[in-house]
Amino acid sequence: MSFWSNQPKNLGKLHKDKTGILKHREWRGLGDTMYDYYRWLITWKDMIVMVLKAPVSTVKGLWSYRWMASYLSAPAWIDRHTEGLRGPQLKMTHLHFNAMIKHTTDMINVLFKNDKHFHKNSKMSDKTVCMDELFSFEIMAGFPNLYGVPVQTIPIFLSSMVDQHITPPYLDITESYGVPADVCPLPSAEAGVAINDDYPMFGKCFLSCNMPCDGSIMNSSYIDRRFNLPSHVVNVPLRYTEEEVQEYAVDEVKSCIKFIEEQTGEKFDWDAYFSAMKTYNKQLEYELQKWDINKTDYPQMTGATFWLYRLFYFHLSGGFDKRFLKTDKKVNKIMMKAFEKKTRCSKEMRHRAIVWSCPANYYTSLANWLENCWGVNVVMDMETMISYIMYDTENQDKSLATYAKTLQRTTMRKHTKGGYQNVVDELWRICEEFNADTVIMYDQISCKGMDGLNGIFDDQARERNINFIWVQQDLMDPRTISRRDMREQINKYMTTVLQEEPVDPTLVDFDDSMAW
């Protein structure tokens, strides 16, 4: 396609050493450069509108919470995920990120306007259900008069993606409190936010769960003590492929609904719920179409945006926020048009890759670097292929059974729990479906979930003649294994095992230790 004639070279020279700050915006040809700049302005517009809606509360939040300043770097975060993109891929990526930014600024605005640290009498507090971030919001669709807040998402989970330096202080706080350093850094950082009293405080009740691991269960106790609200634990079965556990799983969901009703005085509205699930199903249809296109010789959704947007709307849409569906319609139209024209998603695609295990929050754009530097296109990843079960929109029991199964197949859980077949066999099935010749296997050094499977993965990859690249990372702590260290592990494999030359040599090695 003609827009690839403007494919840049020497992308590594665009950035200042160590800080990663752009020396100037990337030239993509007149049309794409103007579109990129237009979307850059929209991001700043959304952030400014957030401040103008509640200027005093936002300024208080900026000065009170360490994590809030990280969101000022959101435009740079988007730039990292659009680097090197052209044409339809650039447009689809920007539309996805714009939807995420709009929703994020709305959540921050609601948090600060009702934070008891700033406002002692919050009218909205009694209408708010605080939830663990791994809950899917479909449950709140049945309570249209209530507002659900994913407690950890804004203060630490999302901010750690935007700014790699925001997490270490919270990890140090938790360890100084006596928690061992070998605990998964995600729940450890979230506990640090609670210890430091950096969570905005409001809500009527709190829902926690046992997902995804024992570290998260520990973290729930810290948050429970900090919020000091009536709480309810939803225990989600680990062996989720066994039909014997499903009745128990549905009972847990029913107990969750009963708890919300008792605490808030609201009754579950089945009409509102079913209406939202119809929207959810439509979103899922668009999602599955992305997957089908990526199985072909002309994949359209590669890089990191694929899983980032999927993770975001999966947990926060709930079917009742139709802004995501609006974005999905726009993206689908662009995607199908590009696919019909057999548009290439990048100038050079040498390998089709699957990303497996949990990605590093502090380096969400690694897949974009892979594409620009080595011509490795990620066509599917573990965190995209979370639950994709359609909801029944008429039968109450069947619909609740689907919600129970959706919880069991949520982020960081579907392929790390439930038995060997979900971790190993599922990977090879996906490699075959998506015609992948390469696997990027994240070795999260603080996670015990994949221990003992290293040799099995290597042996079976050799049997299938699949390039298997182990990339060690520490999920939330770049001090242990830096972004540069992660890239170097891939560089060594590409140069020594595959004996390939980089697509862009300026991206092979650079220092971004001080970058956001």
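Trainee: Which strand does E5 pair with, and in what sense?

Mentor: Pairing is read from bridges between two strands, and keep in mind that this is a predicted model. Here strand E5 (residues 351-356) runs parallel to E7, with 4 bridges between them. One spot to look at is Ile354, which sits opposite Val439 in E7.

Trainee: And what about E7 and strand E8, how many bridges there?

Mentor: E7 also pairs with E8 (residues 467-473), again in the parallel sense, over 7 bridges. Val439 turns up here too, standing opposite Phe468 in E8.

Trainee: Is E7 mostly covered or not, and how many of its residues are buried?

Mentor: For burial, check relative accessible area: under 20% is buried. Strand E7 (residues 438-444) is mostly covered, with 7 of its 7 residues buried. Then look at where the residues point: Thr438, Ile440, Tyr442 and Gln444 go one way, Val439, Met441 and Asp443 go the other way, and all are buried.

Trainee: OK, on to the surface. Which residues form the nonpolar patch?

Mentor: Val59, Leu62, Trp63 and Leu72, together showing about 450 Å² of accessible area. Trp63 belongs to helix H2 (residues 55-64).

Trainee: Why does Trp63 count as exposed?

Mentor: Because its relative accessible area is 75%, and exposed means over 50%.

Trainee: Where does positive charge gather on the surface?

Mentor: Find Lys91, Lys333, Lys337 and Lys341, which make up a positive patch there. Lys337 is in helix H13 (residues 323-340). Run the exposure check again: at 53% relative accessible area, Lys337 is exposed.

Technical notes
Residues are numbered from 1 along each chain as its sequence is written. This is a predicted model: local features need pLDDT of at least 70, side-chain atom pairs count only at pLDDT 80 or more; totals for chains, interfaces and linings use all residues. Side-chain values use heavy atoms; hydrogens and water are left out. Patches are made of residues with over 30% relative accessible area and no salt bridge: like charges are joined within 9 Å, nonpolar side chains (Val, Leu, Ile, Met, Phe, Trp, Tyr) within 5 Å. Accessible areas come from the Shrake-Rupley method with a 1.4 Å probe; for residues, only the protein chains shown count as cover. A salt bridge is a side-chain nitrogen of Lys or Arg within 4 Å of a carboxyl oxygen of Asp or Glu. Helices (H or I, at least four residues) and strands (E, at least two) are DSSP runs, numbered from the N terminus. Buried means under 20% relative accessible area, exposed over 50%, partly exposed in between (1.4 Å probe, protein chains only). Lys and Arg count as positive and Asp and Glu as negative; His and the chain ends are not counted. The place of a charge is taken as NZ of Lys, CZ of Arg, CG of Asp or CD of Glu. Two strands pair if DSSP finds at least two bridges between them.
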